[in-house]
Amino acid sequence: MRIKNKITDLFKIEHPIIQGGMVWVSGWKLAKAVSENGGLGLIGAGSMKPELLAEHIQKIKQNCQKPFGVNLPLFRGDIEELISVVITESVKIVFTSAGNPGKYTEMFKQKGIKVVHVVANLKQALKAESVYCDAIVAEGVEAGGHNGADEIPLSDLIIQLANEVKIPIIAAGGIVDKHGIEKAISLGASGVQIGTLFAASVESSAHINYKEAIVKAGENDTALFFKSIGLIRAIVNPFVEKAILSEKKNVPQEELVELLGSKREMLGIFNGNLEEGILEAGTGVGKITSVKSVADIFRDLVNDSSKNSLT
Ligand SMILES: Cc1cc2nc3c(=O)[nH]c(=O)nc-3n(C[C@H](O)[C@H](O)[C@H](O)COP(=O)(O)O)c2cc1C
């Protein structure tokens, strides 16, 4: 049995599985692979200049007939240029994150673009609903990358939002297998957004060192750090240990900002520097045991071995 629900209907996709937009990871090749396997692939604009984003959108349009979307982190200084690329290139689906959905959602909707906003608590979810987002991504504390300050576990967040919000909920954080998808759906989500598992795929543009670090990491090998300047979940490495130690010593925020610098994610994820870079990843790393193609990942996620399976 194939799951057909509000999320598959909204995006006209086969499975309610979204590949999260990810800096240094999700270019057009990963998004295409996910969309062609029946999910929804997102190009991550977070690490792209407007011209590069335009190139990636053009490539996916030329090479993939399935729906795809673009993730736009709203805090970007050049967000209006990124938005203008998305509109010029006639992108139909946008996932916004890290900012106020009140500013651009109406304009997107007037242009016929579907808008999903990433939230980490009830207040943000109600805000997204009030400005007519089509759906929300509920991101729990288990998620890789930048994280909500409230540190709410995904299960609690889904249950709370399912009681209070009418628009469909896409669950994100720590989901790496079919059981995680089934659990999220049983708690009230209509779909899932998966990051780390796809970050470690063959089609991800991340460095092989980063993919192998995900494969090697055990379930307790990620940590949350930089609470005072913007929480991040990543694999523990010498840089993260240094960051945690600095926080314990209560060093001033400016020093933390300086320690973080501006290129740590690129260094870790794209350049493969396992000591000094940030290796963003979610708590599901322990269950990721090899670098697989997106087709193989989908086979695992939707196969037919249990009566609740997604296919
Ligand atoms: C390497 C990496 C980069 C990410 N970059 C972004 C981003 O640019 N924008 C965003 O909204 N979320 C970003 N995320 C979060 C993902 O889109 C997704 O919500 C999250 O990874 C889900 O948790 P999981 O990694 O446990 O599956 C990133 C996550 C990772 C692991």
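These legends accompany close-up views of a predicted model.

**View 1. A barrel of eight strands.** Let us start with the sheet: eight strands close into a barrel, and going round you meet them in the order E1-E2-E3-E4-E5-E6-E8-E9. The pairing is parallel. From one strand to the next, the twist averages 25°.

**View 2. Where strand E1 meets strand E9.** Here strand E1, residues 17–19, pairs with strand E9, residues 191–194. Three bridges join the two in the parallel sense. If you would like a pair to look for, take Ile 18, whose bridge partner in E9 is Gln 193.

**View 3. Helix H6 on the sheet.** Helix H6 covers residues 122–130 and packs on the sheet. Two strands are touched by H6, namely E5 (114–119) and E6 (135–139). The direction of H6 makes about 165° with that of E5.

**View 4. Val 86 and its surroundings.** Val 86 sits in helix H4, which spans residues 79–88. Is Val 86 buried or exposed? It has 24 C-beta neighbours inside 10 Å and therefore counts as buried. Leaving aside residues up to four places away in sequence, Val 86 touches Val 70, Leu 72, Val 91 and Val 94. Pro 50 is also worth finding: 36 residues separate it from Val 86 in sequence, while the C-alpha to C-alpha distance is 9.2 Å.

**View 5. The shell around the ligand.** The ligand is surrounded by 30 residues. Which of them are the closest? They are Gly 20, Gly 46, Gly 144, Gly 195 and Gly 282. Strand E3 (68–73), strand E9 and helix H9 (196–199) each supply at least two residues of this shell. By residue class, the shell divides into 12 nonpolar, 15 polar and three charged. Both domain 1 and domain 2 give residues to the shell, so the ligand lies between them.

**View 6. Domain 1 against domain 2.** The domain assignment gives domain 1 as 6–205 + 289–302 and domain 2 as 208–284. Taken over C-alpha atoms, the centres of the two domains are 22 Å apart. Across the boundary, 24 residues of domain 1 are in contact with 17 residues of domain 2. On the domain 1 side, strand E7 (145–146) and helix H9 each supply at least two of the residues. H9 gives the most to this side, with three residues. In all, the side of domain 1 that touches domain 2 divides into 11 nonpolar residues, 12 polar and one charged.

Notes
Residues numbered from 1 in each chain as written. Predicted model: local features only at pLDDT ≥ 70, side-chain atom pairs only at ≥ 80, totals over all residues. Pairing = 2+ DSSP bridges. Helix = DSSP H or I, 4+ residues; strand = E, 2+ residues; numbered from the N terminus. Axes fitted to C-alpha atoms, helices over the stretch in contact; angles between N-to-C directions. Contact = placed C-beta atoms within 7 Å. Near = placed C-beta within 6 Å. Nonpolar A, V, L, I, M, F, W, Y, C, P; charged D, E, K, R; others polar. Domains from an automatic or database assignment. Buried ≥ 20, exposed ≤ 12 C-beta atoms within 10 Å, placed from the backbone.
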